[in-house]
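The following note concerns aromatic contacts and nonpolar surface in the model shown below. Please read the numbered points alongside the coordinates.

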Amino acid sequence: MGSMGEPTPGLSYSKPRYSKPLGIRFVEYVKRSPISYKTHQSIVLIVTFFAYLTYHATRKTTSVVKSALDPQSPDVNLKSPFSWKEAYSHKLLERTSNSTVLGSGWAPFNGSNGTALLGELDVAFLFVYAIGMFFSGHVGDRMNLRIFLTIGMVGTGFFTSLFGVGYWANIHFFYYYLIVQMLAGLFQSTGWPSVVAVVGNWCGKRKRGLVMGIWNAHTSLGNITGSVVASILLKYGWGWSMVVPGLGITFVGIVLFFFLPVSPESVGVSLDNDEYLSPKKEGEEITEPLLSKQSDDKDAVGFLEAWRIPGVASFSLCLFFAKLVAYTFLYWLPFYISHTAIEGRYVSNEESGNLSTWFDVGGVIGGILAGHISDRLDARAITAASFMYCAIPALFLYRSYGHVSMTVNIILMVITGMFVNGPYALITTAVSTDLGTHSSLKGNSRALATVTAIIDGTGSIGAAVGPLLTGYISAKSWSAVFTMLMGAALIAGLLLTKLVVAEVASKFRGSSMQEHSRSRPSVMEV
């Protein structure tokens with residue numbers, strides 16, 4: 001058992017030595033041989049993928065349940081693609097035959113202020129989630145992430161299920177749902193900084209954008225899973241749409257506890273140095289690994305110190321507005337679809353939930369595409385800003401023409417999801433890992449969860465603001481909501497201007513150096 005958690009000879013560690021997870025021990029016992037580094041790496045990617053998939057699945061269910069809780073009158077203002085001006089003039093709407101599709105609702109959300117109450121639930125959840133994110137990153141850099149994630153997933157499952165229990169307990173007290181959502185948000189905040197930190201411990205920078213873009217598909221696939229499961233179960237009672245995903249994340253959390261190796265050192269395996277060496281750029285002197293074993297002797301980076309890492313503030317503020325857009329779709333898209341006539345027909349709650357998954361299909365494509373492009377260009381800021389600018393016309397076209405036909409709606413939804421979720425995925429994965437292992441940290445790997453928490457925590461404040469504003473603005477006009485989203489996408493792109501200029505200048509300098517080196521005669525020619 002000497003290989004379990006023992007460090008490489010010659011190196012010392014002040015960090016606590018963790019034993020191998022029981023599941024890893026059992027597999028090695030059955031195999032009668034140690035698991036290789038590559039196998040450990042595969043286990044990490046698979047386990048964290050399904051872990052965060054279930055985090056997002058439980059988060060998505062609320063958006064599907066909304067249309068059952070609040071069967072608001074449909075959006076009848078959208079008569080033509082040029083109805084933006086008329087849509088801003090608010091008129092009281094009367095219930096139509098669509099009310100039979102939407103149902104009678106659930107008090108207190110089926111009243112005149114039901115949409116606003118649902119918006120308050122969203123902002124309460126996301127505000128606690130954002131605040132908890134900052135603390136989770138701080139704690140995550142200082143304790144066993146496997147245990148930390150398990151607690152977060154089981155807690156998330158418990159409170160998500162408790163929301164659904166209100167259906168059978170016949171609870172109509174608003175503050176019950178508010179408190180349960182806030183506690184669910186607190187436990188949800190343990191997820192992202194922890195899974196990014198664990199993956200960062202195992203994966204180097206080579207093709208990081210592409211690898212993490214593919215891995216980050218768990219976000220969109222989690223949304224799809226949550227939408228489909230909640231939509232299917234909705235006809236049996238909206239409580240099932242909350243309880244079943246809650247039980248699902250609890251089960252995956254238990255699996256994670258038994259199988260997740262937090263770092264190579266914690267399970268006593270050797271690092272593949274070629275994976276951890278960053279490709280050297282033109283003019284750079286740094287040749288050391290971004291994440292090194294020696295760095296474990298160093299103290300975890302402080303909160304204010306992490307903010308001073310170049311690029312952290314710019315990308316954090318950009319993500320504020322990027323997540324404002326993304327989470328407005330996450331929480332309100334099924335509701336919007338069910339209240340907007342497509343080809344003159346209103347779809348049911350189940351249909352709207354299933355139809356909304358096409359946005360997440362676009363998100364998967366966008367995340368992978370943004371990661372691949374940023375790797376090829378070696379330009380994270382240029383890629384993120386370009387996607388945000390492209391999201392503006394995509395949002396306009398979806399609002400203006402999404403009602404024309406089901407086919408047009410799906411195509412525009414996929415395109416919008418691609419441009420909205422692409423930069424969001426890139427910033428929360430590859431960019432966060434890049435900055436958490438920045439050269440200014442001199443190899444200290446104990447900043448990754450903190451930096452990730454700062455970036456995603458700031459973004460999550462925007463994620464809270466978007467759905468809250470939507471709850472109030474949509475009562476007047478959905479066109480006003482889309483105007484807000486386009487403005488947010490524009491600001492997100494502009495906030496990266498300084499970094500974009502720096503990357504462009506770096507490209508020109510690199511190109512000039514290459515041309516200069518080609519023009520100089522070699523020693524042999526002289």
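1. In this predicted model, a search of the whole structure returns 36 aromatic pairs. One of them joins F257 and F258: the ring centres are 5.4 Å apart and the planes stand at 80°, so the pair is classed as edge-to-face, the class for angles over 60 degrees.

2. One aromatic cluster is formed by W106, F109, F163, Y167, W168, F173, F174, Y175, Y176, Y177, W238 and W240.

3. Both members of the F257–F258 pair should be considered with their solvent exposure. F257, which lies in helix α11, has a relative accessibility of 30% and therefore counts as partly exposed. F258 has a relative accessible area of 32%, so F258 is partly exposed as well. The category covers values between 20% and 50%.

4. F257 and F258 also contribute to a nonpolar surface patch of about 550 Å², together with L22, I147, I151, V154 and I254. Two elements, α6 (145-168) and α11 (238-259), each give two or more residues to this patch.

5. Two arginine–ring contacts deserve mention. R146 lies over the face of F257, at 4.9 Å from the ring centre. In the other contact, the charged end of R32 sits over the ring of Y29, 5.7 Å from the centre of that ring.

6. Which residue lies over the face of F257, and which ring pairs with F257 edge-to-face? R146 lies over the face, whereas F258 is the edge-to-face partner. F257 thus appears in a cation–ring contact, in an aromatic pair and in the nonpolar patch.

Technical notes
Residues are numbered from 1 along each chain as its sequence is written. This is a predicted model: local features need pLDDT of at least 70, side-chain atom pairs count only at pLDDT 80 or more; totals for chains, interfaces and linings use all residues. Side-chain values use heavy atoms; hydrogens and water are left out. Patches are made of residues with over 30% relative accessible area and no salt bridge: like charges are joined within 9 Å, nonpolar side chains (Val, Leu, Ile, Met, Phe, Trp, Tyr) within 5 Å. Accessible areas come from the Shrake-Rupley method with a 1.4 Å probe; for residues, only the protein chains shown count as cover. A salt bridge is a side-chain nitrogen of Lys or Arg within 4 Å of a carboxyl oxygen of Asp or Glu. Helices (H or I, at least four residues) and strands (E, at least two) are DSSP runs, numbered from the N terminus. Buried means under 20% relative accessible area, exposed over 50%, partly exposed in between (1.4 Å probe, protein chains only). Rings of Phe, Tyr and Trp (its six-membered ring) pair if their centres lie within 6.5 Å; planes under 30 degrees apart count as stacked, over 60 as edge-to-face and the rest as tilted. A charge sits over a ring if NZ of Lys or CZ of Arg is within 6 Å of the ring centre and within 35 degrees of the ring normal.
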